[in-house]
Amino acid sequence: MIGDMQKWTPNIAGIIEHAKKIHPKSEIISKLTNGEIHRTNYDEVCLRSRKLASKLCQDGYKEGDVLATLALNTFRHLEIYYGVSGMGGIVHTLNFRLHPDQAKYIINHAEDKIIFLEVPFVPILEALKDDISSVEKFILLCDKDEIPETSLKNVYSYEEYIEDGKEDFDWPSLKDDAACGLCYTSGTTGNPKGVLYSHKSTILHAASAITAMSIDQDDSILMVVPMFHVMAWGIPYYGPMLGNKIVMPGMHMDGESLYTLINEEEVTMAAGVPTIWMQLLAYCRENSKKLTALKNTIIGGSALSLAILKEFDEFHDVNVVHAWGMTEMSPLGTTNVPTREMESMTKEDKYNLQLKQGRPCFGVELKITNDKGDALPNDGKSYGHLLVRGPWILQKYFKSDENAVDNNGWFDTGDISTIDSDGYMTIVDRSKDVIKSGGEWISSIDLENAAVGHEHIAEACVVGVRHPKWDERPILLVVANEKNVSKDEINKFLSDKVAKWWLPDDIIFVDELPHGATGKLLKVELRDKYSDHLMEK
Ligand code: AMP
C-alpha cells in the first residue's frame, strides 16, 4: 500500500526561500578580493538568486544545462548555487587550483555552457579559451566598471547580467530526482570523475548534517572549506535551513586574516581542512592570540592530528568535530561530536576517541570487508576496505554507463578502516597509500600523526617505497620548523608511539610538501620521486 502523503519533488531553491521568510536579516559576510568586508542577508541573497534564475531563463538556459563557477567563497557564489540549481540548471564548481589540462578536461566533459568567474581567475580561462568550445559566456563576478582587459569573448559582469532579471521569479517544479550540482573527484591518478548530485540527495544530506554536527541556530559559521570542494560540505544548504550567519573568507585564508574574521564576526563554528587550521594555530601561537568566540571547529578532508586537537582544546577551549566523507558521498559520512561519555573520560582517552573519524550520520551505512569481500567484525581491530551505502551516495559516475556500486548498492570508498563496537570508524589509510611491508600493513596516516606531535615538525608525509627485502618500507618526509632537529631525535620520539617495525627506514628533510587542489598531500608525486630511494642505499 502506498502512503497517503504529498508527493515530494523538491527544488533546493525552497531552502533560500525558507531563509528569506524566516531568517531574512541573518547576515552573509564576504571578504572580497580587495580586502573589503561585504555584508548582505538571506532576504537579499534570495532576491538576487531569483533575478539570476530569471535572467538565465530569459537567455534560453533550461533544465539540465551545466553552468560552472570558478569562484571563491563569497555571497555571489552562494547566489549562483541557488539561482542556477533553482531554475533547473546544474551548478558545476570548478577548482581554481587544478592543473590546466585537468580543468580543460573537466569543462569539456561537463559541457559547461557558462563559466561564472572571479576577476583574478581571468588568466586561467584565457589560457584555455581555444579548447573549451562548449562555453558560450564568461560572467565575471564584479561590477561592470571592474571588468579588466581580456581576450575572452562574450564577457559580462555579474551585476550587469542580473540587472534586468525579475525579483518575483517563480521557481519551477522539477522532475523527480532532477540534478542540481556537479563536482569532480580530486583524481590523483587518471582523469577526474564527475559526481552529479540531485535536489533530493542534497536536501536529505543537509538535513542529516544538521543532526550530525551539533550546529546551533545562533551559530555564526566560518565557511573556510571552499565552495568548489564537495559543495562546501553542505554548509551553503544547511546554513540557510537553520538561518545561520555565514562568514566567507574569499581568498584571504592566511592565519591572520582568519583570526581577524573569527574575532570581528564573532564566529562560533568553523569548517575546513587540517592545513588551514595549522596556519591559524601557528598565527595565534606566534602572536599570543586566543580564539575567544569560537566554540566548535569541523575538521575533515584529511586526518586530524593530535597536535591540532590538543592545541584547539588546551589553548583555545575549542571543541573539534572530526568528520569524514568524500565527493562521492555529498560528502558527509561520519562525524565525531562530543558525547556525555566523553565528559567523564581522562583527557588522553577523550583525545584518542576524538581522533577517530566518528560514527555514521543517519542515512549512511558502513561496513568493512577483506579482499574477498567478506564482512569483517566491528571490533576496533580488524581492518579492511570501507564500503558505504545511502541516499546521498553516488550510484554511478557522471556520463558513465556502469554502476559504481555492487549489486547490493555498496560503494567501495578506497579507504581502509576499522569500526569499533560503538560504531566509531577509524581511517587507517587510503588503500593505495597503506604501506605493505613483508605482507603486513603500516598506516601512513598513523605515522604522520605521530611525527607531527614533535614540536619541531610542522608537517609530515609518509610514503611506501620499494625495498629489496620487505617489498615496501616507509620513508618519512618532514618540514621542520627548527634547523637543528636530527633524524635520531625524530626516530627516538617516534619509538614509543608506534611499533618498532613501523619506524621509517629514512627521514628526509624538505622545505615544503606538495599539496593537491583540495589541500591533500600529493603522495603519488612523492612515491614516484623517491621510489628507488631505499634500493640505492
Ligand atoms: P575528496 O573526495 O577529495 O573529499 O576526498 C575523499 C577522501 O579524503 C576520503 O576517501 C579519505 O581518504 C580522505 N578523507 C576525508 N576526510 C578524512 C578524515 N577525516 N580523515 C582521513 N581521511 C579523510
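Select Thr339 to begin: this residue is buried, with a relative accessible area of 18%. Buried here means under 20% relative accessible area, exposed means over 50%, and partly exposed lies in between, as computed with a 1.4 Å probe on protein chains only. The structure is a predicted model, in which local features need pLDDT of at least 70 and side-chain atom pairs count only at pLDDT 80 or more, while totals for chains, interfaces and linings use all residues. Residues are numbered from 1 along each chain as its sequence is written, and side-chain values use heavy atoms, with hydrogens and water left out.

**Around Thr339**

Thr339 sits in the loop between strand 15 and helix 12. Helices (H or I, at least four residues) and strands (E, at least two) are DSSP runs, numbered from the N terminus. Apart from neighbours within four places in sequence, Thr339 is in contact with Arg359 and Tyr424; contact means heavy atoms within 4.5 Å.

**Strands 14, 15 and 16**

Next, select strand 15 (332–336). Five of its five residues are buried, so strand 15 is largely enclosed by the rest of the structure. Which strands pair with strand 15 in the antiparallel sense? Strand 14 does so over four bridges, and strand 16 (residues 359–360) does so over two bridges. Two strands count as paired if DSSP finds at least two bridges between them. To see individual partners, display His322, which stands opposite Asn336 in strand 15, and then Thr335, whose bridge partner in strand 16 is Arg359. Arg359 is also one of the contacts of Thr339.

Move now to the hairpin of strand 14 and strand 15, which has six residues between the strands. Ser330 in this hairpin takes a positive phi near 75°. The peptide bond from Ser330 to Pro331 is cis, with omega near 10°, and Pro331 lies in the loop between strand 14 and strand 15.

On the other side of strand 14 in sequence, select Asp317, in the loop between helix 11 and strand 14. Asp317 has a positive phi of about 55° although it is not a glycine, and it counts as exposed at 60% relative accessibility.

**Helix 13**

Select residues 347–354, which form helix 13; Tyr351, Leu353 and Gln354 are buried there. Seen down the axis, the buried residues of helix 13 fall within an arc of 160°, so they line one face of the helix. The arc is that of the directions from the helix axis to the C-beta atoms. Among the elements that cover these buried residues are helix 11 (306–316), strand 14 (319–325), strand 15 and helix 12 (340–343).

**The ligand**

Which residues are closest to the ligand? Of the 15 residues that surround it, the closest are Ser186, Ala323, Thr327, Asp415 and Arg430; a residue is near a molecule if one of its heavy atoms lies within 4 Å of it. Display the side chain of Asp415, where an N or O atom is 2.6 Å from an oxygen atom of the ligand. In the side chain of Gln357, an N or O atom is 2.9 Å from a nitrogen atom of the ligand. A polar side-chain atom of His229 lies 3.2 Å from an oxygen atom of the ligand.

**Phe398 and helix 4**

Select Phe398, in the loop between strand 18 and strand 19. Is Phe398 buried or exposed? At 15% relative accessibility, Phe398 counts as buried. Beyond its neighbours within four places in sequence, Phe398 is in contact with residues including His109, Ala110, Leu182 and Tyr184. The C-alpha atoms of Phe398 and Ala110 are separated by 8.5 Å, with these positions 288 residues apart along the chain. In the same loop, between strand 18 (384–389) and strand 19 (411–419), lies Lys399. Lys399 has a positive phi of about 65° although it is not a glycine, and it counts as partly exposed at 40% relative accessibility.

From Ala110, extend the selection to helix 4 (residues 100–110), whose buried residues are Ala103, Ile106, Ile107 and Ala110. They cover an arc of only 95° around the axis, which puts them on the same side of helix 4. Their cover includes strand 3 (66–70), strand 4 (90–93), strand 5 (114–117), helix 5 (122–126) and strand 8 (179–184). Just after helix 4, Glu111 takes a positive phi of about 60°.

Conventions. Polar contact = N/O pair within 3.5 Å; in protein donor to acceptor, adjacent residues only side chain to side chain.
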